[in-house]
Amino acid sequence: MDTAVSQKIEDTVNSDRVVLFMKGTKDFPQCGFSGRAVQILQNLDVDFRDVNVLEDNSIREGIKEYSDWPTIPQLYVDGEFVGGSDLLLEMYQNGELEGMIKA
Amino acid sequence: MNVQETIEEKLRRDLDPLHLEVINESSMHNVPPGSESHFKVFVVSERFAGENRINRQRAVNRTLKEELAGPVHALSMHTLTPEEWEARDRATLASPECLGGMGK
């Protein structure tokens with residue numbers, strides 16, 4: 001990954017406390033898995049930044065390398081990768097996600 | 001070998017699962033009939049012992065790297081150790097406990 005892209009990703013990951021890389025936007029998700037992630041965060045009443053990877057292919061590919069995670073959506077809290085779609089659902093259901101985000 | 005069989009074979013080879021289910025969920029998505037683009041896998045393996053959830057999923061992702069870079073567009077997964085599976089009464093993907101809410 002070239003350093004400009006990697007810097008852009010680093011800045012984006014740290015641009016807000018909770019950042020969701022997704023396909024589409026929180027108002028108009030373009031993938032069921034991304035839509036579910038938005039729903040989970042909205043159910044927890046969390047403010048978060050949505051990053052539409054479909055608008056920037058360098059971010060779409062770069063974020064996968066950054067986290068060593070091959071799929072979208074990806075959630076970051078306090079600059080740390082938390083997980084993708086399945087982990088978010090599991091952590092939502094067992095209360096861990098709320099604990100982490102509201103800590 | 002189709003994509004589903006390839007996924008099964010690679011997961012058996014790399015993760016030595018006690019229990020393995022690979023389900024083609026492509027028909028639940030907006031793709032042509034017969035597609036092999038959306039899968040759900042359920043893997044019970046001793047290899048997951050001592051690993052957190054992210055690392056377990058990474059192990060599956062690593063095994064299926066070529067498929068994820070190619071025909072497979074979405075991969076949903078459940079990863080348990082044999083002990084965790086016992087604690088869930090050996091539930092399978094067909095059991096309601098394991099489907100997880102909006103299971104798509």
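In which sense do strand β3 and β4(A) of chain A pair, and over how many bridges? I opened the notebook with this point, keeping in mind that the model is predicted, and I found that β3 (residues 74-77) and β4(A) are antiparallel partners joined over three bridges. Within this pairing I looked up Tyr76(A), which stands opposite Phe81(A) of β4(A).

**Entry: the sheet of chain A**

I then traced the sheet as a whole and noted four strands in the order β2-β1-β3-β4 of chain A, an open arrangement with mixed pairing. The edges are taken by β2 (49-52) and β4 (80-83) of chain A, and because each of them has a single partner strand, one side of each is left without a neighbour in the sheet. For the twist I recorded that neighbouring strands of this sheet are turned by 30° against each other on average, with direction ignored.

Next I asked which helices pack on this sheet, and which strands they touch. Helix α3 (residues 57-67) of chain A packs there and touches β1 (18-22), β2, β3 and β4 of chain A, while its direction makes about 60° with that of β3(A). Helix α4 (residues 85-93) of chain A also packs on the sheet, where I listed contacts to β3 and β4 of chain A and an angle of about 80° between its direction and that of β4(A).

**Entry: aromatic pairs**

I searched the whole structure for aromatic pairs and obtained four over all chains. One of them joins Phe21(A) and Tyr76(A) in an edge-to-face arrangement, with 5.4 Å from centre to centre and 70° between the planes. This pair links distant parts of the chain, since Phe21(A) belongs to strand β1 and Tyr76(A) to strand β3 of chain A, 55 residues apart. I checked the accessibility of both partners and noted that Phe21(A) is buried at a relative accessible area of 0%, and that Tyr76(A) is likewise buried, at 0%.

A further pair, Trp69(A) with Phe81(A), is tilted, and I wrote down 5.1 Å between the centres and 55° between the planes. Here Trp69(A) comes from the loop between α3 and β3 of chain A and Phe81(A) from strand β4 of chain A, 12 residues apart; both residues are buried. Taking the ring pairs together, I could follow a cluster that links Phe21(A), Tyr66(A), Trp69(A), Tyr76(A) and Phe81(A).

As a separate ring contact, I noted that Lys26(A) lies over the face of Phe48(A), at 4.1 Å from the ring centre.

**Entry: Thr12(A)**

Is Thr12(A) buried or exposed? Thr12(A) lies in helix α1 (residues 3-13) of chain A, and because its relative accessibility is 8%, below the 20% limit, I counted Thr12(A) as buried. Leaving out residues up to four places away in sequence, I listed the residues that Thr12(A) touches as Val19(A), Phe21(A), Arg49(A), Val51(A) and Ile59(A).

**Entry: the sheet of chain B**

Turning to chain B, I found an open sheet of three strands in the order β1-β2-β3, again with mixed pairing. Strands β1 and β3 of chain B are the edge strands, each pairing on one side only, and neighbouring strands are turned by 10° against each other on average, direction ignored.

I went through the pairings in turn: strand β1 (residues 19-24) of chain B runs antiparallel to β2(B) and is joined to it by six bridges, with Leu20(B) opposite Val43(B) of β2(B). On its other pairing, β2(B) meets strand β3 (residues 74-80) of chain B in the parallel sense over seven bridges, and there His38(B) stands opposite Ala74(B) in β3(B).

How many residues of strand β2 (residues 38-44) of chain B are buried? I counted seven of its seven residues, so the strand is mostly covered. In a regular strand the side chains alternate between the two faces of the sheet. In β2(B) I saw His38(B), Lys40(B), Phe42(B) and Val44(B) pointing one way and Phe39(B), Val41(B) and Val43(B) the other way, and all are buried.

Finally I looked up helix α1 (residues 3-15) of chain B, which lies across β1 and β2 of chain B and runs at about 160° to β1(B).

Notes. Residues are numbered from 1 along each chain as its sequence is written. Chains are lettered from A and ligands numbered from 1 in the order in which they are written. Side-chain values use heavy atoms; hydrogens and water are left out. Helices (H or I, at least four residues) and strands (E, at least two) are DSSP runs, numbered from the N terminus. Buried means under 20% relative accessible area, exposed over 50%, partly exposed in between (1.4 Å probe, protein chains only). Contact means heavy atoms within 4.5 Å. Two strands pair if DSSP finds at least two bridges between them. Axes are lines fitted to C-alpha atoms, for helices over the stretch in contact, and angles run from 0 to 180 degrees between N-to-C directions. Rings of Phe, Tyr and Trp (its six-membered ring) pair if their centres lie within 6.5 Å; planes under 30 degrees apart count as stacked, over 60 as edge-to-face and the rest as tilted. A charge sits over a ring if NZ of Lys or CZ of Arg is within 6 Å of the ring centre and within 35 degrees of the ring normal.
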